[in-house]
Amino acid sequence: MRKATTLALLATGLVALGCGAGSTDGATSKADAGGANGEDKPKTAKIGQPARDGKFEFTVKSSKCGVAKIGTEMLGAKAQGQFCLVTINVKNIGKEAQMFDGSSQKAYAANGTEYSADGGAAMYANKNAETFLNDINPGNQVTGVVVFDIPKNVKLAKLELHDSPFSGGVTVSLT
């Protein structure tokens, strides 16, 4: 009896996760993405171009790699390899508050190697430590730095930016 109950609960949980994994919030539509005639938007944006994923419109302002340390002498973080500091403007284009999660952002080298954001280092890279830890209300925007710790001999080629851990993401070229 216990096995049947456990299996039923497990199956229900997996079905619930599967149902939510592909959902979208409706903040973007084909017409929003491509313009008035509904054509598909380009798959990759460039630095300075707005790119949308879910409730957020991202604009990558700059990318600077080769940074060995962030912060002050007393408080800071030292890179294992090199820090890449990516300055991003995030605007909430949805109809309700949404939290930006730096850990949902990914960076890629030209060979496809994926790098995670370094949230600890990002605390020292942002003067306002709460820049990306508070909800962004509809129509509001914040600008802050997402930090990636990558090997010294690597150059980032693109970012994959997400409004949440489960969103499809949008690609921004850094080259």
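**Notebook: disulfide, sheet and surface patch**

I began with Cys65, which at 33% relative accessibility counts as partly exposed, because the partly exposed class lies between the limits of 20% and 50%. I note here that the model is a predicted one.

I then looked up the partner of Cys65 and found that it forms a disulfide with Cys84, the two sulfur atoms lying 2.0 Å apart. I recorded that the structure holds one disulfide. The pair links distant parts of the chain, since Cys65 sits in strand β3 (residues 56–71) and Cys84 in strand β4 (residues 76–92), with 19 residues separating them. For the geometry of the link between Cys65 and Cys84, I noted 115° about the S-S bond and a right-handed sense.

Is Cys84 buried or exposed? I found 0% relative accessibility for Cys84, so this residue counts as buried, given that buried means under 20%.

Next I turned to the sheet. I traced an open sheet of four strands in the order β2-β3-β4-β9, paired in the antiparallel sense. I marked β2 (50–53) and β9 (141–150) as the edge strands, each of which pairs on one side only. Between neighbouring strands of this sheet I noted an average turn of 40°, with direction ignored.

I went through the strand pairs in turn, starting with β2 and β3, which run antiparallel and are paired over four bridges. Within this pair, I found Pro50 bridged to Thr59 of β3, and Asp53 bridged to Phe56, also of β3. The hairpin of β2 and β3 has two residues between the strands, and there I noted that Gly54 takes a positive phi near 60°.

How many bridges join β3 to β4? I counted 12 for this antiparallel pair, and among the residues involved I recorded Val60, whose bridge partner in β4 is Ile88. The two strands β3 and β4 also form a hairpin, in this case with four residues between them. I added a cross-reference to the disulfide, as β3 carries Cys65 and β4 carries Cys84.

Last, I looked at the surface. Which residues form a nonpolar patch there? I listed Met74, Leu75, Met123 and Tyr124, which together have about 480 Å² of accessible area. I placed Tyr124 in helix α3 (residues 119–125), and at 32% relative accessibility I entered Tyr124 as partly exposed. Tyr124 can join such a patch because patch residues need over 30% relative accessible area, and Tyr124 has 32%.

Notes
Residues are numbered from 1 along each chain as its sequence is written. This is a predicted model: local features need pLDDT of at least 70, side-chain atom pairs count only at pLDDT 80 or more; totals for chains, interfaces and linings use all residues. Side-chain values use heavy atoms; hydrogens and water are left out. A disulfide is a pair of cysteine sulfur atoms within 2.5 Å. Buried means under 20% relative accessible area, exposed over 50%, partly exposed in between (1.4 Å probe, protein chains only). Two strands pair if DSSP finds at least two bridges between them. Axes are lines fitted to C-alpha atoms, for helices over the stretch in contact, and angles run from 0 to 180 degrees between N-to-C directions. Patches are made of residues with over 30% relative accessible area and no salt bridge: like charges are joined within 9 Å, nonpolar side chains (Val, Leu, Ile, Met, Phe, Trp, Tyr) within 5 Å. Accessible areas come from the Shrake-Rupley method with a 1.4 Å probe; for residues, only the protein chains shown count as cover. A salt bridge is a side-chain nitrogen of Lys or Arg within 4 Å of a carboxyl oxygen of Asp or Glu.
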